[in-house]
Structure formats: structure tokens, C-alpha cells
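Trainee: Got a minute to go through this model with me? I'd like to start with how the helices pack.

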Amino acid sequence: MSNINESLGLDNVGEVFRNLDVDSLREMAIKNEGAKIASNGALMIDTGIFTGRSPKDKFFVNQDPSNKYISWGSVNHKATEDTFNDLLSAAKKQLSGKSIHVTDVFCGASLDSRKSVRFITEVAWQANFVQNMFIIPSQKHLDNFNPEFTVYNACKMTDENWTKHNLNSEVFIIFNIEKNVAVIGGTWYAGEMKKGVFSMMNYWLPLEGKLAMHCSANIGKDGDSALFFGLSGTGKTTLSTDSSRQLIGDDEHGWDDKGVFNFEGGCYAKVINLDQKCEPEIYGAIKKGAILENVVADEDGVVDYTNCSKTENTRVSYPINHINNHKPDMMGNHPKNIIFLSADAFGVLPPVAKLTKDQAMYYYLSGYTAKVAGTERGITEPTATFSSCFGEAFLPLHPTKYAELLGKKIDKHKVNVFLVNTGWTGGPYGIGKRMGIKDTKACIASILDGSINDSEFDTMALFNIQIPRTLNAVETKILNPRNTWSNANRYDKAAKKLALMYIENFKKYLTLESEYDFTHAGPKV
């Protein structure tokens, strides 16, 4: 332990709780941090004023050689090395003079691709969260643990000199790639730790010729892996958690020469409007060992999953072994199918469409979904969101670097690619209705068992994607979205509007080399 103490760089450290057991962490969180126990046994905590990530406060140190690879702009903000040093010093001061939690974990189930990461925090439930979300080393590995990356989470401090440091607020999440250190301050939201390391995996792996992906994954009895790409709220966790298939992981994966592998050791699911009947596996995973964030419960600890008074982004983290049908090694073969999930609040996209390789590249780089009214302040009607590679907020490199790797892997392994709309049908949000989870699951099942390939396909106007005329267990009428609207002319106007949004968004790629000009595979107006 003394070697660990010396490596932390902290002064007058009290007790160091290293990879403490869950019972002890829960007890500390209840005693010192206001946590409570839900009736299902899960730990309930609040993350304060920040109930989600703060992307405007994420920075990378601008220094050689990493600055030659980073795609600077609205996603990846620049900070100086002096600013980083100031914030690291302040964070270490905050963490000194008290007992702290040190959690050593692996990110990546593949022995060829995993990274060793150390988290340092003074908050017990955050240490519990890290143990839920990453891969806990064996005692043998802990005895010889050498962190390749270290995260100092000083959430109880803010940067009072943020204007001097040219930051956007007193909150900061700052990465020094050359020093392999990240520092967090001003936000208690634990997802910053999870997504911070994911951002680093998105930096390291592509430079090794491996693909990092914002997707869930599962595998069938015949060894057929499937990937589900999508932004938050599109159904990655729900649709990949399937009792008939083993779950590899629900959010972050890598794809190397041996196949796909989970970065994490747990799941982080949205629980707003969680329904036991529709999502029994996730509902059942919320028990002792799980952590519920920002939920509302009665005096008996019974959670009201429909209550969004604290945030729409209520969440649960739990170890993957809370899912009965998970794959213990969290690895899979090269995927047979890739599914892009888009929650289209305009009601334009079909429930399922088959894509060509070039169309896959177009829709991957587009990364479309739509936010609906009420989910964020100021949003009163459906709002299109285009997030490159379905995870632009976590991409340090230019999106085309990831697209290039995906394209090569699709060709090499002859992967089928589909687009699935988990959003609205029969009209936009407020007029139409949300695609039924039963129908969506039936579309997914037809992809995974290959029966969709027996269908006859029509070409969807404007978007030029192939939609099945009939599909097992799916009402034929909904397969062509135009047929679900009461007024076909209104559908045509909405479809044209969305197509133009795709076209406008994709213009940002047209200044690059011609190999990334996939406009021929996108909508035509």
C-alpha cells in the first residue's frame, strides 16, 4: 500500500480504500453521502446540479505529439499545459489530507487491447460506480497493477480561476494524453469518468488499427455477433439485452483482429419510464450492487420510474453479471450484423431498412437521431441531432478515421448493415405514436435470424434505402412510413425536410478527400 500512497502524489493521505468491497462502499455512501437504499436493494444517490455530462467543459491539453491527431473544434477544446498543471495541483490539494478511494480496473475485455486505469476519488459511491462500470482485476493482477492512465476526480472543488484558464465555466474535465492523466472538478456526475475513459479508448485504439465504437453488442447461440449503434435514448441497452442471446455489453466496445469486445464490466441504462414487462432483464438487474441516479422514491424506497422531476436522465449502473444471460468473457466473433438505431421524432424513417456498404458509411458518419419536446429546456418540437459515428462527443480523432476503419471491417468480414427507427410512426412527435417495442424487437429478430433477407424490398423515395414489403410478426402497413400517416402530402413534406437536414449536415465532409464523399449514398431532393 505504501507504494500506492507514494504514486498518488497527495499530501497527508489518511486511509486509502483500494477496491473496497461493495458492502463497505454502500455503508460509507449511506453514512457520509446521503445515499439511501431502494426497496429493490439498489443504492440511490443524487448527483447534484449536474445530472448529465458537461461536454462544453471537456478539454485536451494542446501539446505534441497528440495535438497532431486530435480533431480540434466544438467537441475537442484546447487547454494549455499550464492550465492542466494548475488544475491537477488544485485537485491533488482537494484530495489530500483525508481518506480516499483508489479503484484500479481494466478497460477492455480483450487482453490484446485492454488498458489499466486508476481512479482516485473521495466519494464512496463514485468508487462503487467505477467497480460497476469497469473490469475488476483479480488479486494477482492487483498485486502487480501498473496504471496506464489515472483519473483524479475532485468533484467537490471548482476552478475559481476558470476565466484566467480560458475555460467555459468553473467545471472541468481535462485530459493530458502525454502524461496519461485526466482531472475532473465541479461535477459529481459519475458518467464523466466512464465517458472520459471511453474518449481515451477512442484515441488509443484507432492509432493501433482497432475500432472503438459507441454501441451495444450481443451474440447468438451460433456465435453470430451483432452490434447496435445509437445515441442515448435510441434503445441500445434495451434491444441488445435479449433473453435469447448473450449480452456482450450495452454501450462501449472495441473491434480488433480477433473480434468485438466490451470495454466495460457493467451497464449504464436509462430508467425513465422503465417498465418491468417490456424490459424485464434491466428491471431485474436493479438490485443490491446497482446504483440508481437521481430517481424519486417514496418513504419505503419504492422507485417511481415515471417521475422525471429531478431529470429525464435518470439512470442505473450495475455489474454485467446482474444480467443472467450475459457472456462471461464479454467478447464475440466478428459481427454478422450491424444495426444503426435512430429515434426519429419526425416520423419519417421506416422501422427497418437494409443498407448498402456506401449507405452504411453515409448513415454512420451522419449519426442521426432526434430529441423530442420536453427532454431538454427550450425544446418545444422535434429537433434533429447529428452526431458523427453515433458518438461524436467521445471522438478525439476526426470522424472519418473511425469510418475508414468501419468500412474496411465491413468489407473484410462481409457484414450486413441495417437502419432501425425506434422513434415515431404515423406522424411526428405529438401527432404520431412511438414505434412499439414489440414491433421493433420483431424487426431486430428478423435481422438476427436472417429472415429479413427473404423479403421483397421497395426503394424508399428520397432516401433510396431498401424497405421490406412484408416481415414476419410486423404489421405490413407500418413498414412503409408513408402509409402510416393520415395525410400523405404532409408526410412528403416532412420527409423532404429531414432529407434536406441530412444533406446540409453532410456538407462538412465534402471538404475532405473524395474517398469520404458518400453523398451519392444519401438522400436526394
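**Helix packing and odd residues**

Mentor: Helices α2 and α4 are roughly antiparallel to each other. Bear in mind that the model is predicted.

Trainee: At what angle do the axes of α2 and α4 cross?

Mentor: The crossing is at roughly 150°, and the axes come within 8 Å. Helix α2 covers residues 22-33 and helix α4 covers residues 124-133. An angle over 145 degrees counts as roughly antiparallel, and therefore α2 and α4 get that label.

Trainee: Is the crossing of α2 and α4 left-handed or right-handed?

Mentor: The crossing of these two helices is left-handed.

Trainee: Which residues in α2 and α4 meet?

Mentor: From α2 there are V22, L25, R26, M28, A29 and E33. They meet A124, W125, A127, N128 and Q131 in α4. By class, the residues of that contact are seven nonpolar, two polar and two charged.

Trainee: V22, L25, R26 and A29 are in that list. Why would spacings like that turn up in a helix?

Mentor: An α-helix has 3.6 residues a turn, so residues three or four places apart point the same way.

Trainee: Next, α9. How many residues of α9 are buried?

Mentor: Eight of the 10 residues in α9, which spans 357-366, are buried, so the helix is largely enclosed by the rest of the structure. The buried ones are Q359, A360, M361, Y362, Y363, Y364, L365 and S366.

Trainee: What follows α9?

Mentor: G367 does, with a positive phi near 55°.

Trainee: And how does α9 pack with α13?

Mentor: The angle between α9 and α13 (residues 488-506) is about 80°, and their axes are 10 Å apart. That makes the two helices roughly perpendicular. In the contact, Y362, Y363, L365 and S366 of α9 meet Y502, I503, N505 and F506 of α13. The contact has six nonpolar residues, two polar ones and no charged ones.

Trainee: Switching topic. How many disulfides does the structure hold?

Mentor: Zero. For C389, the nearest cysteine sulfur belongs to C215 and is 12 Å away. A disulfide needs the two sulfur atoms within 2.5 Å, so C389 is in none. C443 is in no disulfide either, as the nearest cysteine sulfur, that of C278, is 16 Å away.

Trainee: Are C389 and C443 buried or exposed?

Mentor: C389 counts as buried at 3% relative accessibility. C443 is also buried, with a relative accessible area of 1%.

Trainee: Where does C443 lie, and what is it in contact with?

Mentor: C443 lies in helix α11, residues 437-448. Setting aside neighbours within four places in sequence, C443 is in contact with P351, V352, L471 and V474. L500 is 57 residues from C443 along the chain, and the C-alpha atoms of the two are separated by 27 Å.

Trainee: What about Q94, buried or exposed?

Mentor: Q94 has a relative accessible area of 19%, and buried means under 20%, so Q94 counts as buried. Q94 lies in helix α3, residues 81-95. Beyond neighbours within four places in sequence, Q94 is in contact with E122, A154, K156 and M157.

Trainee: How far is the C-alpha atom of Q94 from that of G230?

Mentor: The separation is 37 Å, with their positions 136 residues apart along the chain.

Trainee: Now backbone geometry. What should I expect as the default?

Mentor: Most residues other than glycine have a negative phi, and most peptide bonds are trans.

Trainee: Which peptide bond is cis here?

Mentor: One is the bond from D64 to P65, with omega near -5°. P65 lies in the loop between β4 (58-61) and β5 (77-79).

Trainee: And which residues have a positive phi without being glycine?

Mentor: F390 is one, with a phi of about 55°. K414 also has a positive phi, about 50°.

Trainee: Where do F390 and K414 lie?

Mentor: F390 is in the loop between β23 (383-386) and α10 (399-413). K414 is in the loop between α10 and β24 (416-421).

Trainee: Buried or exposed, for F390 and K414?

Mentor: F390 is buried, at 1% relative accessibility. K414 is exposed, at 69%.

Note on methods. Residues numbered from 1 in each chain as written. Predicted model: local features only at pLDDT ≥ 70, side-chain atom pairs only at ≥ 80, totals over all residues. Heavy atoms only, no water. Axes fitted to C-alpha atoms, helices over the stretch in contact; angles between N-to-C directions. Helix = DSSP H or I, 4+ residues; strand = E, 2+ residues; numbered from the N terminus. Parallel < 35°, antiparallel > 145°, perpendicular 65-115°, else oblique. Left-handed = near helix turned anticlockwise from the far one by under 90°. Contact = heavy atoms within 4.5 Å. Nonpolar A, V, L, I, M, F, W, Y, C, P; charged D, E, K, R; others polar. Buried < 20%, exposed > 50% of the residue type's maximum accessible area, 1.4 Å probe, protein only.
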